[in-house]
Amino acid sequence: MRRAGLGEGGSGNYVASGYSVYEEENEHLQEGLRDKVKALKSLSIEIGTEVKYHNKMLNEMDSDFDSTGGLLGATIGRVKQLSRGSQTKLLCYMLLFCFFVFFILYWFIKLR
């Protein structure tokens, strides 16, 4: 009996050559897939390294902001103590001096 679709040459040659074509195509596709997986792996490793670096920077910034907040809180406390005392005249002079300095700086910047 003859099967439909087989050539007139030997049926073994047709099946073997078809198998090798599919096998070569599969190997070629596997190589492409391996290359893509390698690229994704290296990309994910680089992303992980970048995330670790940014987390470290964020932790450092967090500690810097905490220390700055403490310093600012202490300064505000001192200013409140100044305003509570009988030295309100000194506080007014300090504020006027600050406004004067800012005015001078604004004037220099405006002239440029």
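A helix here is a DSSP run of H or I with at least four residues, and a strand is a run of E with at least two. The exercises below concern a predicted model.

**Exercise 1.** State how many helices and how many strands the protein has, and place Val-101 in one of these elements.

*Solution.* Counting the runs gives two helices and zero strands. Val-101 is found in helix α2, which covers residues 88-111.

**Exercise 2.** Describe the span that UniProt lists as "transmembrane region".

*Solution.* Begin with the record: the unreviewed UniProt entry gives residues 90-109 for this feature. Next, take the secondary structure of residues 90-109, which is 100% helix and 0% strand. Last, take the two end C-alpha atoms of the span, which lie 29 Å apart.

**Exercise 3.** Find the number of aromatic pairs and classify the geometry of Trp-107 and Phe-108.

*Solution.* The structure holds one aromatic pair. Its rings belong to Trp-107 and Phe-108, and their centres are 5.6 Å apart. Rings pair if their centres lie within 6.5 Å, so the distance condition is met. The planes stand at 45°. Stacked pairs need under 30 degrees and edge-to-face pairs over 60, so this pair is tilted.

**Exercise 4.** Decide whether Trp-107, Phe-108, Cys-92 and Cys-98 are buried, partly exposed or exposed.

*Solution.* Buried means under 20% relative accessible area and exposed means over 50%, with partly exposed in between. Trp-107 has 43%, so Trp-107 is partly exposed. Phe-108, at 48%, is also partly exposed. Cys-92 has 46% and therefore counts as partly exposed. Cys-98, at 32%, is partly exposed as well. As for disulfides, the structure holds zero.

**Exercise 5.** Describe the surface of the protein, and account for the place of Val-101 in a nonpolar patch.

*Solution.* Start with the whole protein: about 10,900 Å² is exposed, and carbon and sulfur atoms supply 64% of this area. Buried residues make up 1% of the 112 residues. Now turn to the patch, which is formed by Phe-97, Phe-100, Val-101, Phe-102 and Leu-105. Together these residues have about 530 Å² of accessible area. A patch residue needs over 30% relative accessible area. Val-101 has 32%, so Val-101 passes this cut-off while counting as partly exposed.

Conventions:
Residues are numbered from 1 along each chain as its sequence is written. This is a predicted model: local features need pLDDT of at least 70, side-chain atom pairs count only at pLDDT 80 or more; totals for chains, interfaces and linings use all residues. Side-chain values use heavy atoms; hydrogens and water are left out. UniProt positions are given in the numbering used here, feature names are shortened, and annotations may be inferred rather than shown by experiment. Rings of Phe, Tyr and Trp (its six-membered ring) pair if their centres lie within 6.5 Å; planes under 30 degrees apart count as stacked, over 60 as edge-to-face and the rest as tilted. Buried means under 20% relative accessible area, exposed over 50%, partly exposed in between (1.4 Å probe, protein chains only). Accessible areas come from the Shrake-Rupley method with a 1.4 Å probe; for residues, only the protein chains shown count as cover. Patches are made of residues with over 30% relative accessible area and no salt bridge: like charges are joined within 9 Å, nonpolar side chains (Val, Leu, Ile, Met, Phe, Trp, Tyr) within 5 Å. A salt bridge is a side-chain nitrogen of Lys or Arg within 4 Å of a carboxyl oxygen of Asp or Glu. A disulfide is a pair of cysteine sulfur atoms within 2.5 Å.
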